[in-house]
Amino acid sequence: MNPLEERWKQDDIQSCLKSSRRWVVAFSGGADSLCLLYLAASLRKSLVALHVNHGLHADADKWEQICREQCKKLGVTFQCFRVKVKAEGSIEENARKARYSVFEKVLKKHDLLLLAHHADDQIETALFNLFRGTSIPGVVAMPRVRSLGKAKLFRPFLDVPRKQILAYCKCKGLKWIDDSSNQNEAFDRSYLRHRVMPIIEDRWPNFREIVRKGVDRDEGLRQLIGSIAENDFIHCRSKSGLISSEVAKLTTARRDSLFRYWIAKEGFPQPTSGILRTLYKDVLMAKPDSEPCISWSGSEIRRFKDNLVLRSRDVFIVPKDRIDLDFSSSLKLGGGFLRTVQEKGKGLSFQGMESELFVKFRQGGESIRVNGKTKRLKKVLQDLGVPPWLRSRLPLIYQGDTLVAIPSVSSWDTFP
């Protein structure tokens, strides 16, 4: 039996495969994914071969047709998605993001996405992450199993050398696609693969095994660090984010781990080590009466009173014109939705007011009557504890020229 077939039948791979309802193979048509598709099809016919046409190569459409024909021969369902890859920045990274966007769109609950990354890819990824200065501590490579949207991702070949995959394909007489861009050393990974790794291997023949052990070792340490960060998160958590005074008591290493854990948990992109240092200096340690903020990759962390708040850094353009208020439907605004609720004896009198009410936003100098007394709106919002960055976004409800109501912000316990 072929060594790869023996590896495929081992319990750790089979148990992961059997735990899922449907298999989806990421199928490019190259030797690695073709090998994976053949092995998967030998066990189950009810699987999907998912091909992403990035449109980056002159032969991209030809490759799509080849993949379609291969799936037809195997009796495997073929799905293809065409994506547009952004030209600015890293083409490799943009193509990856486009590809994973397709994966998340296709995958359903209890699906298993099979990727054909192998041991050589794993070493390459570890070196790539090391040289680009990843903010995650230790030697970092690809996880064998992880969640992806509602489904799960699995890389069964991650400990298999590519030479075994090529030997399997040749043994079975398989014809695969050779992507010439894999030889283009202008791409970082290709440069590592063809120029850097051969030199390292020539000096240290067993370097691949050493790196692999480093990945396994550091993954265990990251899990330990993660459990400590989770406990710190529970201790420092507030309703709106983190308690800044509690976070400030932590050591630098634990504080950075807590921030990384919190940011990942909320689904925001990880900041660089430089951002974390600035977060401590300019936000956490800012003067008590200040309202500091730091932003990165469309995200931001603000401090308000004793709270650290993590949110998307969106730009809300305040409408200049009034917006008539319709009681029968919700009003979609940059800050969310405004809706009306009828409760007997509370709020504004409904009778005859519907056509008179409209919404405006803060211009400055507004006043409102509260419990029979006229107060400046700025003071009212301060007393209610509305964060400064929300105050200009609150839709104010007017009747004629009179400000008659301020909507509630439930997440900040601000009542109407």
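A residue counts as buried when its relative accessible area is under 20%, as exposed when that area is over 50%, and as partly exposed in between (1.4 Å probe, protein chains only). This report applies these terms to a predicted model, in which local features need pLDDT of at least 70, side-chain atom pairs count only at pLDDT 80 or more, and totals for chains, interfaces and linings use all residues. Residues are numbered from 1 along each chain as its sequence is written, and side-chain values use heavy atoms, with hydrogens and water left out. Helices (H or I, at least four residues) and strands (E, at least two) are DSSP runs, numbered from the N terminus.

**Strand β1**

Strand β1 comprises residues 22-26, and 5 of the 5 are buried, so the strand is largely enclosed by the rest of the structure. In a regular strand the side chains alternate between the two faces of the sheet. In β1 both faces are covered: R22, V24 and A26 are buried on one side, and W23 and V25 are buried on the other.

Two strands are taken to pair if DSSP finds at least two bridges between them. Strand β1 is joined by 4 bridges to β4 (residues 111-114), and the two run parallel. Within this pairing, V25 stands opposite L114 of β4. Another 4 bridges join β1 to β2 (residues 47-53), again in parallel, and here A26 has L50 as its bridge partner.

**Helix α2**

Helix α2 spans residues 11-18, and its buried residues are I13, Q14, C16 and L17. Viewed down the helix axis, these buried residues fall within an arc of 165° (taken from the directions from the axis to the C-beta atoms), so they line one face of α2. On the other side of the helix, D11 and K18 are exposed.

Contact means heavy atoms within 4.5 Å. The buried residues of α2 pack against α1 (3-8), α3 (31-43) and several strands, including β1, β4, β5 (145-148) and β6 (151-154). Strand β1 thus appears both as a partner of β4 and among the elements packed against by α2.

**Loop residues with positive phi**

Two residues other than glycine, S297 and N371, have a positive phi value. The table sets out their positions and exposure.

| Residue | Phi | Loop | Relative accessible area |
|---|---|---|---|
| S297 | near 45° | between β8 (293-296) and β9 (299-304) | 59%, exposed |
| N371 | near 50° | between β15 (367-370) and β16 (373-376) | 79%, exposed |
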